[in-house]
Amino acid sequence: MNTQQIIETESKYTSGVYTKRPVAIVRGHGARLWDSDGKEYIDCVGGQGSANIGHTHPKVVSAIAEQAARLGVATEVFYNDQRAMLEEKLVQISPPLAKINRVFLANSGTEANEGALKFARYHTGRTEIVSMMRGFHGRSFGSLSATWEPKYREPFAPLVPGFKFIPYDNLEKAAQTIDENTAAVILEIVQGEGGVRPGSREFIQGIAKLAHERGAVVILDEIQTGFGRTGKMFAAEHYDIEPDLISVAKSIAGGLPMGAVLISERIRKLEPQIHGNTFGGNPLICASANATLEVIQEENLPQRAAELGEYALGRLKRIESPLIREARGLGLMLGVELKVKVTPILQALLERGVFALPAGPNVLRMLPPLVIEKSELDAAIEAVEQVLAEQERQVDK
Ligand code: PLP
């Protein structure tokens with residue numbers, strides 16, 4: 001299929017729920033992607049944060065091929081070697097203070113949060129969930145009920161009852177809202193979709209403490225921040241908190257679909273039949289996840305994200321543009337809040353061979369693979385600089 005055929009066919013048959021960019025991606029390696037005309041791009045979208053180890057990592061490619069030839073399907077009613085290894089590994093690498101000792105496997109971030117919300121209600125026998133304004137947790141009814149953005153929620157009302165929103169970084173409101181009916185507080189340490197906003201240490205520690213004092217569970221959504229993205233294996237490690245349930249997904253399986261709930265020893269033992277699915281813990285995806293976690297550790301990717309992230313944020317902060325309100329981030333989770341709409345900037349970047357993401361209407365977000373070369377990161381930042389200068393000239397006209 002040539003480019004025109006791909007775009008025309010997808011446009012004709014796609015559901016219509018995505019705003020698409022006018023490019024067909026057909027190949028990737030490391031932090032590079034190629035379109036159907038052979039044009040090369042630096043990838044700062046990273047599969048919406050699911051390509052921490054880069055594209056087509058040879059270790060993961062061979063792990064998938066080997067497992068596909070051995071066993072593709074076996075549900076969790078049977079034991080499996082790949083799943084056993086993965087569950088043990090996830091417990092080993094989890095943030096020590098969380099005291100994780102069990103894992104529930106699912107197929108996406110949304111499903112991980114869905115599981116975490118159910119486990120929190122099950123554990124506490126309470127119904128209410130306290131969630132953050134600007135928080136994003138997915139689009140199924142449960143996870144959407146915890147998601148703040150009105151335009152995602154409103155077309156599907158009524159959502160699940162019992163969800164309350166408080167301003168992120170406002171401990172006073174948290175203290176007024178968390179009570180004896182609260183099953184869980186759910187939050188991201190760096191709000192991703194909500195604009196790349198790292199929470200303050202005081203707020204994150206404070207709300208976790210409040211929740212625990214009042215008998216509620218802390219659900220930490222590390223779907224975007226996990227697996228090295230913020231410069232530590234999990235963002236929780238920056239803040240020394242004790243989450244009871246951690247939801248993860250995105251980069252866990254090197255780009256194949258997987259989500260998981262990491263469960264603390266503080267959570268009551270889950271009983272058979274209360275939750276489940278068909279594909280969670282699928283041996284093929286588990287093999288991919290095992291290889292991915294090995295790569296993240298062997299290549300020391302959290303450390304790499306910390307170093308490159310600090311460097312990149314420094315460079316972004318030094319860009320002198322009247323269009324920038326603030327550059328912020330943690331590790332290689334980078335955001336540039338603009339005083340203008342981000343969409344034309346993303347399009348101009350694409351034309352210069354750089355893919356980046358929005359995070360709301362006016363935040364430019366970059367989630368490059370953690371294996372990105374410094375020279376590639378430099379080129380991407382230079383493109384941002386040039387595009388902003390160009391836009392500035394257009395605004396002046
Ligand atoms: N939670 C967070 C913090 C996310 O960033 C996302 C996806 O962007 C999700 C949940 C939903 O994950 P998925 O798209 O895998 O269902």
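This report describes the surroundings of the ligand and a set of paired strands in a predicted model.

## Basis of the model

Local features in this predicted model need pLDDT of at least 70, side-chain atom pairs count only at pLDDT 80 or more, and totals for chains, interfaces and linings use all residues. Residues are numbered from 1 along each chain as its sequence is written, and side-chain values use heavy atoms, with hydrogens and water left out.

## The ligand and its shell

Among the residues that surround the ligand (a heavy atom within 4 Å of it) are Ser108, Asn113, His137, Glu188, Asp221 and Lys250. The shell comprises two nonpolar, six polar and four charged residues, where Ala, Val, Leu, Ile, Met, Phe, Trp, Tyr, Cys and Pro count as nonpolar, Asp, Glu, Lys and Arg as charged, and the others, Gly among them, as polar. Helix H5 (residues 109-124) supplies the largest share, three residues; helices are DSSP runs of H or I with at least four residues, and strands are E runs with at least two, numbered from the N terminus.

Polar side-chain atoms of threonine 110 and glutamine 224 lie 2.6 Å and 2.7 Å, respectively, from an oxygen atom of the ligand. The protein covers 82% of the 390 Å² of accessible area that the ligand has on its own (Shrake-Rupley method, 1.4 Å probe).

## Paired strands

Strands E2 (residues 32-35) and E3 (residues 40-43) pair in the antiparallel sense over three bridges, pairing being assigned if DSSP finds at least two bridges. Four residues separate E2 from E3 in this hairpin, and glycine 38 in the turn has a positive phi of about 85°.

Isoleucine 42 in E3 is the bridge partner of arginine 32, and isoleucine 42 also has valine 354 of E15 as bridge partner, where E3 and E15 (residues 354-355) pair in the parallel sense over two bridges.

Methods. A polar contact is a pair of N or O atoms within 3.5 Å; within protein, one must be able to donate a hydrogen and the other to accept it, and residues adjacent in sequence count only if both atoms are side-chain atoms.
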